[in-house]
Amino acid sequence: MKIPMHWLAEWADAGLPPGELGVRLTMAGFELEALTPAAPPFAGVVVARIVDAAPHPQADKLQVCRVSVGAAAAGPADSASLQIVCGARNARAGLVTALATVGATLPGGTSIGAAKLRGVESFGMLCSARELGLADASDGIMELPADAPLGQDLRRYLELDDTTLELNVTPNRGDAMSVLGIAREVGALFGKTLTGPRIEAVPARLTDTLPVTLEADSACPLLVGRIIRGIDPSALTPIWMRERLRRAGVRSISAVVDVTNYVLLELGQPMHAYDRALLEGGLSARLARPGESCALLDGREVQLQADMLVIADQAGPVGLAGIMGGVRTAVSATTRDVFLEAAHFVPAAIAGRGRRLGLTTDAGQRFERGVDPAGAARAVERTTALILQIAGGQAGPAVVTESTAGLRDSAPILLRDGAVERLLGLALPPARIHGVLQSLGMRVTAAAGGQHVVPPSHRFDITLERDLIEEVARIVGYDAIPEVDSRVPQRLQARPAAQAAEPRWLDTMAARGFHEAITFAFVDSRLQRQLFPDRAAVALENPIASDLDVMRVSLWPGLLAATRENQRRQASRVRLFEHGVVFEPGVDGAAPHESPRLAAIAWGARVPEQWGLASEPVQFADLQRDLEALVSTLGATAGAAAPELLFEPASHRCLHPGRSAQVRLAGTAVGWLGELHPEHVRSLDLASAP
């Protein structure tokens with residue numbers, strides 16, 4: 001999340017240098033990743049107006065411009081204007097732009113001096129945004145507002161002596177993915193009152209509305225809409241807004257789209273603007289129907305699945321709800337009437353849908369984490385005011401369509417007396433705790449044995465008492481919590497005599513030449529089905545990768561995958577073991593059952609390469625002896641003879657016929673030992689059988 005300091009100070013000014021503020025925010029849970037200046041160093045660049053532009057007598061692609069910079073900056077040679085030779089295609093009479101005067105220094109250390117270009121004198125240079133380090137590419141010189149003060153230093157005019165904070169916002173804090181969200185934190189940390197722009201209801205000049213229905217009200221319980229008619233499609237986004245968007249990492253597109261992006265960054269509420277003339281009938285928030293598709297703004301046409309929420313008109317989907325709008329009803333250079341939409345989507349209805357389609361958007365990231373339902377109407381009013389200010393037009397009433405099905409009420413949480421001190425080891429007066437929680441927008445009331453705390457609607461992450469205590473720790477400061485030893489009674493539990501101490505048998509495996517492996521508890525479903533075709537597995541609803549999509553039913557898939565990767569890296573000998581749990585599906589919807597397991601794999605040469613012994617492949621008997629040594633630790637721990645270990649010839653679907661055995665310990669079947677089946681050796685592309 002990129003937050004320009006000047007924009008943040010408009011809402012809450014901590015009065016600290018960017019570095020110090022970043023350190024304090026880091027200690028409050030928002031890691032400062034970088035401090036980026038708004039512009040690279042340059043000096044001597046001022047605001048200027050081109051008075052007239054004539055063709056260069058000796059060059060077709062150059063113009064000779066007379067440029068007014070005001071009396072203070074013109075110099076003794078000409079108190080009214082300067083002569084500048086310029087090759088930009090957009091240089092024209094009346095354009096207000098940026099001028100590097102004689103003696104100016106541009107990014108990279110380039111100095112500007114008087115020069116002759118094809119025999120014509122030039123006293124400075126008209127600059128593009130790219131030449132000033134304000135854009136990666138530009139098509140011509142900068143175009144500034146007509147009322148920009150001539151002769152004023154460009155850095156001062158554009159407030160370029162600014163710094164952008166790049167903060168890492170954790171996934172549970174969707175409320176902080178905005179200027180307002182970080183301003184709330186600054187206000188709580190430094191006792192500041194929010195002083196952002198006043199957002200008031202825009203009076204309706206029209207009666208036009210658009211019917212909206214919430215068919216999937218448990219996923220979309222709230223949608224606020226408004227029609228604005230008669231906007232100027234040629235209106236340009238003001239330079240101050242373009243600059244703030246640029247510093248926040250967003251590219252300027254058009255006035256209406258820029259305003260919706262600006263409100264997203266400022267208030268954290270994703271917005272969408274439709275071309276009203278292209279909408280057929282009313283809008284509906286519903287689940288996708290079989291066979292439906294949607295052409296999105298990025299040019300892709302995606303096939304929709306039954307659990308995907310869409311915004312649709314009578315002709316079909318016009319956008320993937322909470323992720324990306326559709327191209328059919330998108331605002332364009334000819335749009336004069338728009339429909340603004342600000343909705344609240346339940347996080348579970350948005351999470352994972354975009355990733356299935358390879359889409360990661362700013363709106364999707366916020367809705368997955370939780371967007372304040374109370375902020376939708378406020379965002380529509382802010383967006384309306386900015387559009388009317390920039391592009392004109394007349395607004396209809398803001399219509400709220402609401403259902404209680406998916407709107408959550410923040411339940412009061414009991415913060416017990418003494419709970420903060422018990423968990424943090426820090427004694428704080430009740431008034432201090434009360435003040436911290438109130439500074440974060442929580443309602444605190446007295447209750448028997450403590451305080452009832454109701455989180456604000458934008459804090460989706462606060463549901464438990466310990467969440468409240470964490471908030472107290474963040475705001476008070478982790479550095480204020482003393483380091484003290486915890487005093488608790490020690491109750492030692494006796495270990496059953498037959499149970500070996502885990503470190504003993506882990507050390508035994510290490511002493512036998514094995515390295516301990518820790519693999520993912522989720523594995524590739526294709527590999528697991530290949531090894532265990534008859535075993536049901538717990539599938540992941542939202543896997544982190546396509547080859548890690550089910551929970552493991554055995555430790556073997558992880559060890560085989562690790563062995564294959566070692567072979568790919570030219571290892572000639574692998575000895576790995578793992579101690580972990582496997583997962584069996586629960587019965588009748590019950591939770592999966594976890595069971596501890598120990599597994600080992602041996603592949604390649606029997607012993608490390610050396611001059612005294614010929615290289616031989618590992619044998620069944622080698623791993624058999626390792627297992628016998630491991631079982632001997634049971635008897636050693638219990639102070640008695642080790643239980644009887646037997647290897648009975650038996651068949652296993654993923655082991656070599658005739659080279660496998662079932663392992664019995666004290667008469668109980670406890671595992672398998674054998675060589676991997678040749679079919680699996682071939683499919684895994686292993687040089688020899690493990």
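Start at isoleucine 228 and select valine 338, its bridge partner in strand S20. Strands and helices here are DSSP runs (E, at least two residues; H or I, at least four), numbered from the N terminus. This is a predicted model, in which local features need pLDDT of at least 70 and side-chain atom pairs count only at pLDDT 80 or more, while totals for chains, interfaces and linings use all residues. Residues are numbered from 1 along each chain as its sequence is written, and side-chain values use heavy atoms, without hydrogens and water.

Next, select S12, residues 222–229, where 7 of 8 residues are buried (under 20% relative accessible area, 1.4 Å probe, protein chains only). S12 runs antiparallel to S20 (residues 338–344), with 7 bridges between them; strands count as paired from at least two DSSP bridges. Add S22, residues 399–402, which is antiparallel to S12 over 4 bridges; there valine 400 partners valine 224. S21 (residues 394–395) also pairs with S12 in the antiparallel sense, over 2 bridges, and its alanine 395 is a bridge partner of isoleucine 228.

Move to helix H5, residues 179–190, which reaches 16 Å from first C-alpha to last. In H5, 11 of the 12 residues are buried, Ile182 and Arg184 among them. Just after the helix, glycine 191 has a positive phi of about 65 degrees.

Then select leucine 415. Beyond four places in sequence, its contacts (heavy atoms within 4.5 Å) include Val420, Ile433, Leu437 and Ile469.

Finish at residues 72–79, where pLDDT (the predictor's confidence in each residue, from 0 to 100) stays under 50. The chain average is 91.

Notes:
The expected span of a helix is 1.5 Å times one less than its number of residues. Buried means under 20% relative accessible area, exposed over 50%, partly exposed in between (1.4 Å probe, protein chains only).
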